[in-house]
Amino acid sequence: MTEQRMYPGTGADERTTFAPYSAFEIPADLRELHGRYDVESMARRVRNFRYAEEWTMMILGGWIATIPELPVKTGLGKIVWDAATAADVLGKRLPELRCGRKSVAASESANDGFAAFVQSVAEPETPDLTIEKLAGMFDVLKPHLIEVYERTARETDYISDAPTIELLEDIVRKARRHQAWAGEVLDRLCDTDAKQQRRRARAAEMTSQLEACGGVAGDLGVANA
Amino acid sequence: MKRFIHHSELARDQRFVRQDNAASTVLATLPDDVDTVVNVFDQFSDMIESSVQGTAAEPLFEEYGPAFGLVTLNEPLTPGAPAERQRLAMRLHAIFVGEMQALEGASRSLWDFPDSPWEFKMNMARQAWDEARHVQIFEKLMDHVGCKAGDYPESTFLFECACSEDPALRVAGVNRGLEGLACDVFRDLIRFAEQSGDELLKQAMDYVLADELTHVRFGSEWVKEFTRGDPERFKRAQDFRREVDKQFSLGGARSDREDAAVPIAMQDRREAGFTEEELSELLELSGEGPSRKTLMAATKIIRERHLARREEKRREEKRQQGQEATA
Ligand SMILES: [Fe+2]
Ligand SMILES: [Fe+2]
């Protein structure tokens, strides 16, 4: 009886008897290598996303005191925290993408146009403008971010860049919740034709500004072309 | 959106009424002298009366006059004490609006100080969520004792005092002054809930107090961080906190005195990073206001004068009615 070999030796006939096994082959691993972004361009995107999340946090933080509807105030308090944690995990990915240990707090706008767009989102200030505030943020910026995050997760290397995919998926899961909440709030706030018109007008104005600058990563239109 | 807002710009729905902060400010600096206390309340009588109109505090004003707050808020809260429910409701409402202002203060720090360190922003964002939950908790607790948002006038005194334009002073005021006061108030409510067997209130306060300790700790750390290598600024932050503490002691109502309505939560404050030196300072400055005996004597005079004025008004109205009838 041949003794079962537990460890490989140096000769070809000294192999172990264990059959090859890969968890990824059951079922077969259909993922393919290679994605749209290399490390450098993904790091830039992460800084762009972090910029959007950080400013979302700051803008909502500024608005809370200026919004008279109490459940909106408290609801935004939670979203402020979610935006902060999103920016935080994005920042923590940066040193992993060869940006240096100090890069954890690096945010970068894709271009001046997107930075100007963010400031336009932040513009409505007085207590009578809750509709304009929420429409710019949740009818335009948030859905745009969800779309770009999902596209990025689809287009990057599934194996090599899996950590980015995982964190984007977590952010999107929460962002969808925010959008659903804000959608319901806006539906209730806009209880007349005139108010619905205000919501539409604000969303249209912000959308055209967003499209003109190419969005959070500056490649809106390019990617869809 | 501009940076830094005035406390009068805090947005509220139509349920809320504002109380002029002048009354709280003056109350915070009253001396231990019956005549002065009486004169101050006489002076603010009209202002206080107009701020309670249409609120649940109006009957209290009618009964006790402008110093009804002394009767209700500045007395220790004990189960079975007169007007226990009403006083509990007033206290919960006062905390509820305080939580709202803490939410607004913490979240404004994110907008007001865009270039602050990331860890600071994370702490303020976390606090924004916590305070938002506290607002929701106190809405439920107000419901639990039978009152609701807007039942009493809101003073924006906390926001006004604590929200400085220097981030070191802001965290000293909000996270150490205001949040420290919150620790005292919640520890006292836990005591009340235990005495009255209110498990719902007790557990909610237990969690809220845990959050507040975290917020004080944020403050303790950020005052140090913002003023590192700048003893002048550190001194300004400490002076500011002292000033806020003095005002938030509400004339000794929150102090270590035997007659205090809200005692200082020494153990909790230690855990949150207050030094022994800061605590002994707090004990000293919070105990400086009028004694309970002074306030009681003043309240009695104020009430008598108020009732006399009401009686005089009634007589005057009758006289006029009589004149109209004869005419
Ligand atoms: Fe709180
Ligand atoms: Fe707090």
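This is a short dialogue about metal sites, salt bridges and a chain contact in a predicted model.

User: What makes B:Glu99, B:Glu131, B:His134 and B:Glu212 the residues that coordinate the iron ion (ligand 1)?
Analyst: Look at the distances. Their donor atoms sit at 2.0 to 2.2 Å from the iron ion (ligand 1). The cut-off for a donor is within 2.8 Å of the metal. So these atoms count as donors. The three Glu residues give OE atoms, and B:His134 gives ND1.

User: Why is the site of the iron ion (ligand 1) called irregular?
Analyst: It has 4 donor atoms, with angles of 85 to 143 degrees among them. A tetrahedral site needs all angles between 85 and 135 degrees. The 143 degrees breaks that rule. Square planar needs opposite donors over 155 degrees apart. The angles stop at 143 degrees, so that label fails too. Irregular is what remains.

User: How are the donor residues of the iron ion (ligand 1) spaced in sequence?
Analyst: The pattern is E-x31-E-x2-H-x77-E. B:Glu131 is in helix 6 (residues 118-144) of chain B, and B:Glu212 is in helix 9 (residues 199-226) of chain B. The pair therefore ties together parts that are 81 residues apart in sequence.

User: Which residue bridges the iron ion (ligand 1) and the iron ion (ligand 2)?
Analyst: B:Glu131 does, and the two ions lie 3.2 Å apart.

User: How do you know whether B:Glu131 and B:Glu212 are buried or exposed?
Analyst: Compare each value with the cut-off. Buried means under 20% relative accessible area. B:Glu131 has 0%, so it is buried. B:Glu212 has 1%, so it is buried as well.

User: What makes A:Asp82 and A:Lys174 a salt bridge?
Analyst: Side chains of opposite charge can pair when their charged atoms come close. The closest N and O atoms of A:Asp82 and A:Lys174 are 3.9 Å apart. The limit is within 4 Å, so the pair counts. A:Asp82 lies in helix 2 of chain A and A:Lys174 in helix 5 (residues 162-189), so the pair links parts 92 residues apart in sequence.

User: Why is A:Asp82 called buried, and what is A:Lys174 called?
Analyst: A:Asp82 has 6% relative accessibility, and buried means under 20%. A:Lys174 has 27%. That lies between 20% and 50%, so A:Lys174 is partly exposed.

User: What separates A:Lys92 and A:Asp88 in helix 2 of chain A?
Analyst: About one helical turn, because they are 4 residues apart in that helix. They form a salt bridge, with the closest N and O atoms 2.7 Å apart. A:Asp88 is buried, at 11% relative accessibility.

User: How do you know how exposed A:Asp191 and A:Lys195 are?
Analyst: A:Asp191 has a relative accessible area of 55%. Exposed means over 50%, so A:Asp191 qualifies. A:Lys195, at 28%, is partly exposed. Their side chains meet in a salt bridge at 3.2 Å, N to O.

User: What makes up the contact between chain A and chain B?
Analyst: Chain A gives 31 residues and chain B gives 30 residues. The buried area is about 2,500 Å², and carbon and sulfur atoms give 73% of it. The two chains share 2 salt bridges. B:Glu104 and A:Lys73 meet in a salt bridge at 2.6 Å, N to O, which is within the 4 Å limit.

User: Which helix of chain A gives the most to the side that touches chain B?
Analyst: Helix 2 of chain A, with 11 residues.

How values were computed. Residues are numbered from 1 along each chain as its sequence is written. Chains are lettered from A and ligands numbered from 1 in the order in which they are written. This is a predicted model: local features need pLDDT of at least 70, side-chain atom pairs count only at pLDDT 80 or more; totals for chains, interfaces and linings use all residues. Side-chain values use heavy atoms; hydrogens and water are left out. Four donors count as tetrahedral if all angles lie between 85 and 135 degrees; four count as square planar and six as octahedral if opposite donors are over 155 degrees apart and all others between 65 and 115; anything else is irregular. Helices (H or I, at least four residues) and strands (E, at least two) are DSSP runs, numbered from the N terminus. Buried means under 20% relative accessible area, exposed over 50%, partly exposed in between (1.4 Å probe, protein chains only). Contact means heavy atoms within 4.5 Å. Buried area is the accessible area (1.4 Å probe) that two parts lose on being put together, summed over both.
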